[in-house]
Amino acid sequence: MNKENYRKEVQDRLVKIPIANYRNFSIVAHVDHGKSTLSDRLLELTGVIQPGSNKQVLDKLDVERERGITVKAQTVSMIQYDPETKQDYLLHLVDTPGHVDFRAEVSRSYASCGGALLLVDASQGIQAQTVANFNLAHTMGLKLIPIINKIDLDHADIPRAMDQVENTFELPREDCIAVSAKTGLNVESIIPLIIKNIPAPTGDVNKPLKALLVDSWHDTYVGVVMLIHVVDGSIKKGMKLISAHSDKIYDVKEVGIMYPDNLPMDSIRAGQVAYIIPGMKNPREALVGDTFFQYGKHKGLEALPGFEEPKPMVFVGAFPADGTEFNIMDDNMQNLVLNDRSVTLEKETSNALGLGWRLGFLGSLHASVFKERLENEYGSKIILTAPTVPYKITYKDGTEKIVTNPDGFPAADKAHNVELYMEPYVDAIMTVPGEYIGTVMTLCENNRGIQKELEYLTTGQVLLKYEIPLGELVEDFFGKLKGCTKGYGSLDYEDAGYKRSDIVKMELCVNGEPQDALTTILHRSQVLSRGKEAVSRFKEYLRFQLFEVAIQARVAGKIVARETIKAKRKDVTQRLHAADISRKKKLLERQKEGKKQMKATGRVTVNHDAFQAFLRRP
């Protein structure tokens with residue numbers, strides 16, 4: 001069957017399905033609990049893809065497939081005939097990221113759903129992200145269907161997983177469906193439950209158009225493609241749309257459903273999660289969570305709730321490893337930002353590293369994924385400075401300032417104008433095996449954590465809730481947690497706002513010259529340990545000079561740690577006779593004077609390789 005006939009057949013089935021037979025749902029799961037595999041099985045059962053022909057259909061980015069994580073929200077439509085009611089049903093699966101860094105995308109996706117499949121790994125049980133995503137889904141009123149996955153594994157413990165679902169989430173154990181997404185065992189029993197238990201969307205096709213923007217991406221040929229949830233009304237090709245938040249007007253070039261890729265339709269209507277091509281050239285205009293109305297029929301209509309600009313929580317300086325590649329890498333960076341509008345990008349200059357950019361990310365995983373995509377997709381080599389978080393400074397005259405770059409932190413001579421310093425905190429949720437609870441509590445306390453809750457789960461796991469400064473979290477806290485629990489610990493967190501803190505700026509100086517790329521902001525209690533560690537590590541990457549070089553950590557004008565690289569010394573007396581003592585003293589004295597002069601006037605140039613080696617995690 002050619003593509004046009006195929007499209008026509010899907011269109012004919014689609015127009016006959018009433019909104020009462022629509023079901024919009026997502027899958028709530030921890031990383032690596034089998035969400036993408038289950039999605040593949042559901043697509044095979046509904047005939048959207050051929051059995052065994054695809055893997056991770058909804059993970060379209062290379063980094064998603066390699067890491068086994070979902071970064072971008074995706075959707076796919078399925079049409080299923082129900083033999084019990086003898087009717088067709090339109091199922092929209094909205095695949096959401098599981099990691100906290102992409103939480104804004106998750107909440108937007110949940111807003112377009114009526115229910116969710118709560119996926120729990122039978123071998124691992126409930127993990128931190130499952131708890132966090134469950135709480136979000138529950139507060140948004142989604143109908144939850146518990147699924148116990150990976151029952152084919154030898155060490156799967158189905159009764160234990162069901163007990164956890166019942167005790168932690170208060171969902172009846174008899175509602176749990178035990179499946180193996182990998183082998184397809186019992187997966188066919190999920191779709192009838194979706195049809196039976198998940199409520200239909202409440203939209204009205206006859207009302208004026210209201211559509212929620214769930215996600216967007218950039219296509220080289222057609223510009224911006226928007227994934228939208230049509231709440232009321234309908235959209236067809238040629239219609240004029242107006243944005244509720246920017247007031248800009250667009251002509252719709254194409255509408256359609258994802259089946260599993262773009263399949264153009266004559267129109268899309270209330271209740272559907274579909275795509276539109278609005279002829280938008282600049283992806284920055286696609287504000288996720290924005291509402292679209294039909295132009296000319298939008299007077300008096302209120303925007304849908306839930307719109308907020310994504311706020312970056314982790315900032316890094318980025319510089320090309322080879323300074324001559326700045327223009328090429330700038331183009332690559334701009335192209336990548338087109339497909340991820342939650343990244344903020346502005347140019348900056350460093351005395352040490354030259355021209356570069358200041359990048360803002362939703363979290364440390366988001367930054368890591370961006371760097372990996374830049375290197376994999378464009379072959380760019382990049383130096384990233386240590387991650388910093390936004391600090392809030394209140395001055396005595398009442399003004400407030402958000403500082404995202406350590407260089408913008410008030411200097412020691414301006415500190416008297418500051419009323420208070422504040423840093424962002426997060427509520428961290430961790431699940432760890434009981435035997436590691438002591439080491440995890442020590443880790444949290446060493447990272448200035450405040451314990452909020454401790455709960456023993458039925459499986460021997462412990463659920464810990466701590467309030468931790470975000471600055472500590474981005475310093476590879478998750479890696480340390482994995483290390484001290486032998487890989488069994490899991491972590492999720494959510495923003496807890498700003499709190500008063502005694503934070504200071506620490507500069508790393510070489511012969512009194514501060515290196516701006518190595519400046520950090522940290523808590524006063526960590527100054528001595530971090531300063532000592534920084535100077536001893538940086539010493540390893542500097543070359544010997546003909547004069548003595550001092551490496552110092554400086555806070556508020558005071559030196560808190562120092563390492564010295566001794567001068568390289570030429571043996572000026574090697575040609576002298578052993579008995580010629582006066583001549584020997586004269587030469588050594590002259591050498592000493594020369595060293596003094598060099599130390600006074602000499603400058604140490606730190607090359608890029610030294611910065612690159614130091615900025616890599618130890």
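This passage walks through the overall make-up of the protein, two of its sheets, a helix pair and two buried residues.

The structure described here is a predicted model. Its 618 residues include 53% that count as buried, and the fold comprises 15 helices and 31 strands. Contacts across long stretches of sequence are well represented: among contacts with a separation of 6 or more, 70% link residues 24 or more positions apart.

A good place to begin is the sheet of 8 strands. This sheet is open, with antiparallel pairing, and reads β11-β10-β16-β7-β8-β15-β12-β13 from one edge to the other. Strands β11 (249-251) and β13 (262-265) each have a single partner strand, so one side of each has no neighbour in the sheet. Direction ignored, neighbouring strands are turned against each other by 40° on average. Within the sheet, β7 (residues 210-219) and β16 (residues 291-294) are joined in the antiparallel sense by 2 bridges, and L212 has T291 of β16 as its bridge partner. Helix α1 (residues 3-15) packs on this sheet, where the helix touches β12 (254-258) and β13. The direction of α1 makes about 65° with that of β13.

Strand β8 (residues 223-232) of this sheet offers a closer view through H229. The relative accessible area of H229 is 9%, and this residue is therefore buried, the cut-off being under 20%. Setting aside residues up to four places away in sequence, H229 touches K210, A211, L212 and V214, and L212 is the residue already met as the bridge partner of T291. The other residues touched by H229 are N24, A111, S112, G271, Q272 and V273.

A second open sheet has 4 strands, again with antiparallel pairing, in the order β18-β19-β17-β20. Its edges are formed by β18 (344-350) and β20 (382-384), each of which pairs on one side only. The twist from one strand to the next averages 30°. Strand β17 (residues 314-320) runs antiparallel to β20 and is joined to that strand by 3 bridges. One residue pair can be picked out here: P320 has I382 in β20 as its bridge partner.

Turning to helix packing, two packed helices are described by the angle between their axes and the distance between the axes. For α10 (residues 437-446) and α12 (residues 477-484), the angle is about 155° and the axes lie 10 Å apart. Angles over 145 degrees count as roughly antiparallel, so this description applies to α10 and α12. The crossing of α10 past α12 is right-handed. On the α10 side, the contact is made by T439, V440, L443 and C444, and these meet F477, K480, L481 and C484 of α12. By residue class, the contact of α10 with α12 divides into 6 nonpolar, 1 polar and 1 charged.

Finally, P424 sits in strand β23 (residues 418-433). With a relative accessibility of 1%, P424 falls under the 20% limit and so counts as buried. Its contacts, leaving aside neighbours within four places in sequence, include V389, P390 and Y391. P424 and V389 are 35 residues apart in sequence, while their C-alpha atoms are 7.6 Å apart in space. P424 is also in contact with M313, P469, L470, G497 and Y498.

Definitions and conventions: Residues are numbered from 1 along each chain as its sequence is written. This is a predicted model: local features need pLDDT of at least 70, side-chain atom pairs count only at pLDDT 80 or more; totals for chains, interfaces and linings use all residues. Side-chain values use heavy atoms; hydrogens and water are left out. Buried means under 20% relative accessible area, exposed over 50%, partly exposed in between (1.4 Å probe, protein chains only). Contact means heavy atoms within 4.5 Å. Two strands pair if DSSP finds at least two bridges between them. Axes are lines fitted to C-alpha atoms, for helices over the stretch in contact, and angles run from 0 to 180 degrees between N-to-C directions. Angles under 35 degrees count as roughly parallel, over 145 as roughly antiparallel, 65 to 115 as roughly perpendicular and the rest as oblique. A crossing is left-handed if the near helix is turned anticlockwise from the far one by less than a right angle, and right-handed if clockwise. Ala, Val, Leu, Ile, Met, Phe, Trp, Tyr, Cys and Pro count as nonpolar, Asp, Glu, Lys and Arg as charged, and the others, Gly among them, as polar.
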